[in-house]
Amino acid sequence: MTPLLPLTALPDRPVEVDAARLLLVVNRFATTPDDTIHQLRCWPARVVSRYLTPEYYLQKLDFLVRYPAYLAYELVELHRLGVLSALDATAVQADVRTLLGDREPELRTDPFRRFWRGAYESLDRVEAWWHARGLVFVGHERRGAEGSPVRPQKYFFLTPEGERIAISLVAKVGHARWYEDRISLIHRYFGALRPAEVKSLQYSHPPYREAQLNEFIPDLAIEEIERNFAETFGCRLGALHG
């Protein structure tokens, strides 16, 4: 299926669009800090309610929001692998059919570029937008000894104001409600997985893994999802090409 616009012609999104969508992801997936997190050198001198880390985890979750075909395939994979959240075959089949039945891969896919670590976009503008409004503060924690070549780990610290704004967006903005529903679906299936496990699932796809640096990651073919669905569940996904 072909996107509504060629990938090379996609317009830039206003920073508010990305900031709002990613705020909803952080609000859904962030966890309560324990004493170890409170002792980080990068802990902000602000009131913080929850946090999310590392950065690649946020990027991989956003990828699932923006690529319905990959999300549908990975729900089937979670069931095939016996992941607890996806053991209910009837529920997984229904969610996959919902994801694909309304032309979502064609109408909802929002392409990501391939970077060194897979799907990645610079969050500098989003982070500045959050910071200016006191919604999310970002910290970098050094790993290893002084002078270590290991990159610092990024932490996203969600504030009570960030939580309030996320709830308000969902209550007042129709598009935000759609994103909240999609992010909630992702959390239901992937919320108990470690960030590395979410990353590994995405890298298992050749189109994702083999995409050229700085090129858009191609979508999965519906035929590939249908084949995996039939092999896993022993039944056809159904006619979705409409």
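**Exercise 1: charges over rings**

Arg113 lies over the face of Phe216; find how far Arg113 is from the ring centre, then find which ring has the charged end of Arg66 over it.

*Solution.* Before you start: this is a predicted model, where local features need pLDDT of at least 70, side-chain atom pairs count only at pLDDT 80 or more, and totals for chains, interfaces and linings use all residues. Residues are numbered from 1 along each chain as its sequence is written, and side-chain values use heavy atoms, with hydrogens and water left out.

Step 1. Take the test for a charge over a ring: NZ of Lys or CZ of Arg within 6 Å of the ring centre and within 35 degrees of the ring normal.
Step 2. For Arg113 over Phe216, the distance to the ring centre comes out at 4.2 Å.
Step 3. For Arg66, the ring underneath belongs to Phe112, and the charged end is 3.9 Å from its centre.

**Exercise 2: aromatic pairs**

Work out how many aromatic pairs there are, and say whether the pair of Phe63 and Tyr70 is stacked or edge-to-face.

*Solution.* Step 1. Rings of Phe, Tyr and Trp (its six-membered ring) pair if their centres lie within 6.5 Å; planes under 30 degrees apart are stacked, over 60 edge-to-face, and the rest tilted.
Step 2. Run that rule and you get 15 aromatic pairs.
Step 3. Phe63 and Tyr70 have ring centres 4.9 Å apart and planes at 70°, so call this pair edge-to-face.
Step 4. Now try Phe115 and Tyr120: the centres are 4.9 Å apart and the planes are at 25°, so this pair is stacked.
Step 5. Check the surroundings by relative accessible area (buried under 20%, exposed over 50%, partly exposed in between; 1.4 Å probe, protein chains only). Phe63 is buried at 0%, and Tyr70 is buried at 0% too. Phe115, at 28%, is partly exposed, and Tyr120 is partly exposed at 21%.
Step 6. Follow the ring pairs outward from Phe63 and Tyr70: they link both into a cluster with Tyr67, Phe112, Tyr203 and Tyr208. Phe112 is the ring that Arg66 sits over.

**Exercise 3: a helix crossing**

Find at what angle helix H1 and helix H9 cross, and whether the crossing is left-handed or right-handed.

*Solution.* Step 1. Locate the elements: H1 spans residues 15-29 and H9 spans 174-190. Helices (H or I, at least four residues) and strands (E, at least two) are DSSP runs, numbered from the N terminus.
Step 2. Fit axes as lines to C-alpha atoms, for helices over the stretch in contact, with angles from 0 to 180 degrees between N-to-C directions. The two axes come within 10 Å and cross at roughly 35°.
Step 3. The crossing of H1 past H9 is right-handed, meaning the near helix is turned clockwise from the far one by less than a right angle (anticlockwise would be left-handed).
Step 4. List the contacts (heavy atoms within 4.5 Å). From H1 you have Arg21, Leu24, Val25, Arg28 and Phe29; they meet Ala176, Tyr179, Glu180, Ile183, Ser184, Ile186 and His187 of H9.
Step 5. Sort them: 7 nonpolar, 2 polar and 3 charged. Here Ala, Val, Leu, Ile, Met, Phe, Trp, Tyr, Cys and Pro are nonpolar, Asp, Glu, Lys and Arg charged, and the others, Gly among them, polar.

**Exercise 4: unusual backbone spots**

Which peptide bond is cis, and what is the phi of Asn214?

*Solution.* Step 1. The cis bond runs from Thr53 to Pro54, with omega near -5°.
Step 2. Pro54 belongs to the loop between strand E1 (50-52) and helix H3 (55-66).
Step 3. Look at who touches Pro54: Gln153 does, and its contacts beyond four places in sequence also include Thr53 and Gly139. Gln153 is in strand E5 (residues 153-158).
Step 4. Asn214 isn't a glycine, yet its phi is positive, about 70°. Asn214 is partly exposed at 45%.

**Exercise 5: a histidine in a loop**

Is His205 buried or exposed, and which residues does His205 touch beyond four places in sequence?

*Solution.* Step 1. Place His205 in the loop between helix H10 (195-203) and helix H11 (206-209).
Step 2. With a relative accessibility of 2%, His205 is buried.
Step 3. Its contacts beyond four places are Tyr70, Tyr73, Glu74 and Leu220. Tyr70 is the ring paired with Phe63.
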